[in-house]
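This briefing concerns the sheets of the structure shown below and the helices that lie against them. Topics are taken in turn, beginning with one helix and its strands.

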Amino acid sequence: MQTPREILADLWILAGGDPAALNSVALTGEEPQLPSSFRVAAAAQTSIAAAGLAAAQLWKLRSGKNQKIAVDMRHAVVECRSERYLGVEGTPPPPAWDAIAGVYKTRDHRFVRLHTNFTHHRDAVCRVLGCKAEHNEVQAALMQWDAESFETAAYASGGVVAMMRSHDEWSALPQAKALAALPVMTIEKIGDAAPKPWPGGDRPLAGLRVLDLSRVIAGPVAGRTLAAHGADVLLISGADLPAIPWLTIDTGRGKLSAFVDLKHDEGRDKLKELLAQADIFSQGYRPRALAGLGFSPEEAGRINPGIVYVSLSAYGHVGPWAERRGFDSLVQTATGFNHAEGQAAGIDGPKELPAQILDHVTGYLMAFGAMMAKARQSREGGSWHVRVSLAQTGRWIWNLGRVPDGLKTGDLKGEAIKPFAVEAQSGFGRLRTIRHAAELSKTPAFWARPAMPLGSHPPEWPARH
């Protein structure tokens, strides 16, 4: 089984990093840190370390100066559950899930998981089932369905659900086979452009402009990470788009937040104007959704030659499920994690991983890929496309191996969290949050802007200094 240092080295070399840079990284802590049979702590630590090392490399490109990077495993795991530890004016998070979200049995003695935190997804499930949004009614209705038939029908109706599969069942699907040939992340040159000069600034990403078109956890964590290293991150949302307020607060640290309505020409023109002045465009819409509005990677490269375009999907950009909506909990269910954890725990049914680890790790990989592509742009020129998916991150975590007796590990709470928590004012009141786990010796990570309600700022870039 690989050590965390070996895992980090593989990620670094995959992205084109100089192996000598790995000597500047210190990884501390031991597995396991959370109750899981999977290596969630190693995944957290190495993905955060990869992004931290990339930031240090950008600083070296800009300043000629080296620095040291340190990531503690426990701190990394705590940051990968940052939304659980958020406090607003001393109040802990509300329940994370909608009343009918969760796991249900079906007629064929299988299990399905429903994700209904967004109203339109809940309505789609209830439409297919012909029942009210009440737990008992949903369970009774699902006893009239076989799991896979319901999964197919719910997706066709706009719902987001997953049948629980074993890893072997998942691996036999055409979708899993389509992903098996791909690395955990791809960085591809998609157009010609001159290298962009670095703006002024005293942080690794100072003066770099990041358009963040993402929601929930993975994409927003990527933007939050880039902001932690000094980027000007502008989160673009829509006044009518559903959001999960607690996640908006936690992942909004360091960002500007503006509304742009992409359903209308005026909004699309505004986004093109912002894109033309951006360095990184990070988006978590389904494959081809933004392309239909004129913002495909290739079109972005025409609008702004030299752009770094980052795409997040649930199940990957190839294969029959490429267009399928998904969230961390559903990808865990569909790809074998919940089945395997249930078996390891000796229960008949699914057991979740102890963090939204696919989301968080994917977010750090997005930030890592964006920075590595930006480094290449500064040296070679070109426009670049970085691709990640929750399912590919899951496959990567699966292949890291298992932790014997990992489920016997105690959970982290209370006193264990205190060393990593900080307090700060925000547009929501006083926040207790988790500071960033990558510690850089010369350019410490921090968020220069407070979390603010969605749409608090105009859709404009701040001036470069």
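**Sheets and the helices across them**

Helix H17 (residues 390-399) lies across two strands, S12 (308-313) and S13 (383-389), and its direction is at about 65° to that of S13. The model is predicted. Both strands belong to an open sheet of seven strands, and a further open sheet is formed by three strands.

**The seven-stranded sheet**

- The strand order is S7-S13-S12-S11-S8-S9-S10, and the pairing is mixed.
- The edges are held by strand S7 (186-191) and strand S10 (255-259); each has a single partner strand, so one side of each is left without a neighbour in the sheet.
- On average, neighbouring strands of this sheet are turned by 20° against each other, direction ignored.
- Within the sheet, strand S8 (residues 209-213) pairs with strand S11 (residues 280-283) in the parallel sense, over four bridges.
- Leu211 has Phe281 as its bridge partner in S11.
- Helix H12 (residues 265-276) packs on this sheet, where it touches S8, S11 and strand S9 (232-237). The direction of H12 makes about 145° with that of S8.

**The three-stranded sheet**

- Strands S1, S2 and S16 form an open sheet in the order S1-S2-S16, with mixed pairing.
- Strand S1 (25-28) and strand S16 (438-440) stand at the edges; because each has a single partner strand, one side of each is left without a neighbour in the sheet.
- Neighbouring strands here are turned by 20° against each other on average, with direction ignored.
- S1 and strand S2 (residues 69-72) run parallel and are joined by four bridges.
- One of the residue pairings concerns Leu27, whose bridge partner in S2 is Val71.

**Helix H2**

- Helix H2 (residues 40-63) lies across S1, S2 and S16, and runs at about 165° to S2.
- How does the span of H2 agree with its 24 residues? At 1.5 Å a residue, the helix should span 34 Å, and its end C-alpha atoms are 35 Å apart, which agrees.
- Is H2 largely enclosed or largely open? Of its 24 residues, 20 are buried, that is, under 20% relative accessible area, so H2 is largely enclosed by the rest of the structure.
- Gly64 follows H2 and has a positive phi, near 80°.

Methods. Residues numbered from 1 in each chain as written. Predicted model: local features only at pLDDT ≥ 70, side-chain atom pairs only at ≥ 80, totals over all residues. Heavy atoms only, no water. Pairing = 2+ DSSP bridges. Axes fitted to C-alpha atoms, helices over the stretch in contact; angles between N-to-C directions. Contact = heavy atoms within 4.5 Å. Expected span 1.5 Å × (residues − 1). Buried < 20%, exposed > 50% of the residue type's maximum accessible area, 1.4 Å probe, protein only.
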